Amino acid sequence: MWGVARRSILGSFPVLLIVSLITFGLMRLIPGDPSAAIGGLSATSEQLALIRLELGLDEPFVVQLALWYGELLQGNLGRSIMMGQDVLQVTMIRLPVTIALSLYALVLTLLLGLASGILAALRQNTVIDQLAMVFAMIGISVPSFFLGLLMILLFAVHLGWLPTGGYIPLWQDPIGWLRTSTMPALSLALLQMGLLARITRSTMLEVLRQDYIRTARAKGLPRRLVVVKHALTNALIPIVTVVGIIISLSISGAVVVESLFSIPGMGQLLTQAVLNRDYPMVQGGLLVTTAFLVMVNILIDIAYAILDPRVRYERS
Amino acid sequence: MNGPDTILAAGAADDAPLEEEFEISAKRQSPWRMTVRRLFRHRLFLMGLGLCSIILVAGMLAQLIAPVDPTRLAMRWKFRSPGMDGFIFGTDNFGRSLWSRVIWGAQLSLYIGFSVVALNAVFGTLIGASAGYFRRIDNALMRVNDALMAFPAILLAIAITAVLGPSTFNAILALSIVYIPRTARIVRASVIVLREMEYVQAAVAAGAGHWRILRRHILPNAMAPLIVQLSFLFGFAVLSEATLSFLGLGAVPPTPTWGNIMAEGRQYLVEAPWIITIPGIALMITVMGLNLLGDGLRDVLDPRLRIQQ
């Protein structure tokens with residue numbers, strides 16, 4: 001397991017290096033003078049000069065890069081133009097909101113997606129299977145913001161059960177958090193549920209076809225035991241890797257869902273930063289979020305090694 | 001790490017019956033014709049084809065079936081519900097015909113989706129095949145690929161459009177940059193397997209050059225997973241473009257896209273729910289149609305395609 005962990009952590013370094021290079025390079029793609037884009041139309045030439053000085057824009061490219069990495073290693077991602085605050089600080093306040101929402105969506109996804117996928121596989125080619133797959137197909141085809149708008153219309157406007165938007169922190173009022181987060185989490189989860197149900201079904205079908213399942217049945221084990229002990233434990237292993245993709249999708253989906261439900265998370269922050277041309281914020285937010293996802297994937301690699309002894313022995 | 005498209009492709013109907021053609025006929029059947037025949041027997045594929053055709057025909061005949069300018073303002077006709085005063089889909093807050101707007105939006109969605117797919121087909125194949133075939137550059141190319149795939153897809157697309165500015169062209173560019181690494185990965189995976197095949201070794205021994213081997217022996221056999229990937233990608237691109245323009249980062253209004261129609265309709269959710277519902281349903285039909293096509297193509301072309309570990 002430690003071998004896998006080490007390998008996975010070491011493997012993430014080049015990825016993080018290139019990710020940071022891309023985020024750095026992105027800023028340099030701004031057409032024309034970045035300081036003019038950042039300062040806006042009303043900026044005076046002194047203000048522009050100040051921005052250029054602060055970002056080191058007058059230095060040669062290599063020096064800029066070195067300066068940027070120097071700051072990065074000290075945890076300094078610059079200052080948000082929109083809010084005037086430290087980018088890293090703002091990110092650290094906003095990211096947990098998005099993570100909480102994503103985790104809620106993940107729980108819904110795992111419960112409903114796994115259950116419907118397993119059920120569909122066990123009842124292959126029956127009405128249950130077909131219904132589950134129709135729902136999964138709808139899930140991967142409905143845009144999250146459309147689902148969100150429809151839910152607002154039904155549950156908030158017509159029935160008045162849930163608020164149309166806004167956010168109550170989890171640690172302040174858990175019930176309030178559930179009330180404000182349920183519709184956003186559901187809009188996020190539908191796509192993932194569909195994906196997970198489809199993949200669980202095909203993985204289960206594959207496992208159920210294996211010889212060892214037939215052997216287990218042939219030696220007289222009850223079907224239920226075979227399904228739970230032999231089929232499910234083996235089918236779950238590849239599904240663990242899907243969780244990483246689901247979390248990445250959640251963070252992507254949160255961009256639009258948070259804007260829709262006015263939840264003050266990373267998604268809303270970055271959308272506003274983009275619309276306000278707050279480049280340091282976009283750059284820093286993108287980098288921190290991606291670094292977070294890389295870490296999630298390291299954890300998943302380790303979990304994978306724990307669950308699957310073959311991986312553990314082969315790679316170490 | 002797999003892309004979302006890879007998971008999509010590893011989806012549901014991998015157990016659909018594939019009737020082998022046992023009939024002995026005097027005529028030799030080309031593999032191409034056999035594939036088409038199988039596709040036309042696949043019910044979900046036909047359903048997808050039907051759904052996509054609706055949108056495709058609507059988009060292509062936009063000038064003909066929706067002659068009213070989708071950007072024409074007519075304040076005295078505002079908020080007509082569907083069917084009222086001869087407006088098939090009603091009107092929005094500026095009295096613009098939603099029928100026109102949604103149909104012209106279809107044209108734009110398809111244009112963007114198609115462009116992203118075309119760019120992916122070209123550059124995904126180029127990068128994937130080079131990495132898979134010339135192992136010396138594999139590592140470097142795949143590290144960059146992995147890094148691009150580590151970004152959350154929409155977030156990267158948003159950051160790119162933030163830098164380049166919102167426009168139709170930039171949306172195409174941003175979505176292509178986001179999805180090409182995922183396509184390249186799939187092409188690379190098949191090329192790596194194919195280049196070790198004996199018939200490829202035989203071609204090498206016979207003195208064929210790299211270009212000829214790639215073009216004649218490897219790429220034609222790597223097409224099946226690529227085609228499946230591209231059909232799912234089309235749906236993803238349409239969906240992502242709608243998301244971008246819903247956030248105000250796609251084509252600039254008043255150009256109608258499904259995403260920006262819905263973004264504008266959001267404020268009138270209660271008094272005019274059709275403004276969001278109609279483009280939403282159009283979007284759903286398109287994406288579902290493309291997903292069904294993808295499922296069908298996967299079953300017929302590549303029944304063994306699973307999640308690549």
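Start by selecting chain A of this predicted model: the cartoon shows 13 helices and zero strands. Follow the chain from the N terminus and you pass α after α, thirteen elements written α-α-α-α-α-α-α-α-α-α-α-α-α. Turn on the C-alpha atoms alone, and along the principal axes they fill a box of roughly 85 × 55 × 35 Å. Colour chain A by burial next: of its 316 residues, 41% are buried. If you draw its contacts between residues at least 6 apart in sequence, 71% of them join residues at least 24 apart.

Now switch to chain B. Here you will find twelve helices and zero strands, and from the N terminus on the order reads α-α-α-α-α-α-α-α-α-α-α-α. Buried residues make up 51% of the 309 residues in chain B. Among its contacts with a separation of 6 or more, 73% come from residues 24 or more positions apart.

Next, show both chains and pick out where they touch. The contact draws 50 residues from chain A and 44 residues from chain B. Which elements of chain B give two or more residues to that side? Select H1 (4–9), H6 (135–150), H7 (153–164), H10 (210–246) and H12 (274–301) of chain B. Linger on H7(B), since the largest share of this side, eight residues, comes from there. Colour the chain B side by residue class and you get 33 nonpolar, six polar and five charged residues.

Keep H10(B) in view and add helix H8 (residues 168–195) of chain B. The axes of these two helices come within 9 Å and cross at roughly 160°. An angle over 145 degrees counts as roughly antiparallel, so H8(B) and H10(B) are roughly antiparallel to each other. Their crossing is right-handed. To see what makes the contact, show side chains on H8(B), including Leu175(B), Tyr179(B), Ile186(B) and Leu194(B), and on H10(B), including Ile218(B), Leu226(B), Leu233(B) and Phe236(B). Arg195(B) of H8(B) and Glu241(B) of H10(B) take part as well. By class, this helix pair brings together 15 nonpolar, five polar and two charged residues.

For the last stop, select helix H9 (residues 198–205) of chain B. Is this helix well covered or hardly covered? H9(B) is hardly covered, with zero buried residues among its eight. Step just past H9(B) to Gly207(B), and check the backbone there: the phi is positive, at about 95°.

Definitions and conventions. Residues are numbered from 1 along each chain as its sequence is written. Chains are lettered from A and ligands numbered from 1 in the order in which they are written. This is a predicted model: local features need pLDDT of at least 70, side-chain atom pairs count only at pLDDT 80 or more; totals for chains, interfaces and linings use all residues. Two residues are in contact if their C-beta atoms, placed from the backbone, lie within 7 Å. Helices (H or I, at least four residues) and strands (E, at least two) are DSSP runs, numbered from the N terminus. Ala, Val, Leu, Ile, Met, Phe, Trp, Tyr, Cys and Pro count as nonpolar, Asp, Glu, Lys and Arg as charged, and the others, Gly among them, as polar. A residue is buried if 20 or more other C-beta atoms lie within 10 Å of its own, exposed if 12 or fewer, and partly exposed in between; C-beta atoms are placed from the backbone. Axes are lines fitted to C-alpha atoms, for helices over the stretch in contact, and angles run from 0 to 180 degrees between N-to-C directions. Angles under 35 degrees count as roughly parallel, over 145 as roughly antiparallel, 65 to 115 as roughly perpendicular and the rest as oblique. A crossing is left-handed if the near helix is turned anticlockwise from the far one by less than a right angle, and right-handed if clockwise.
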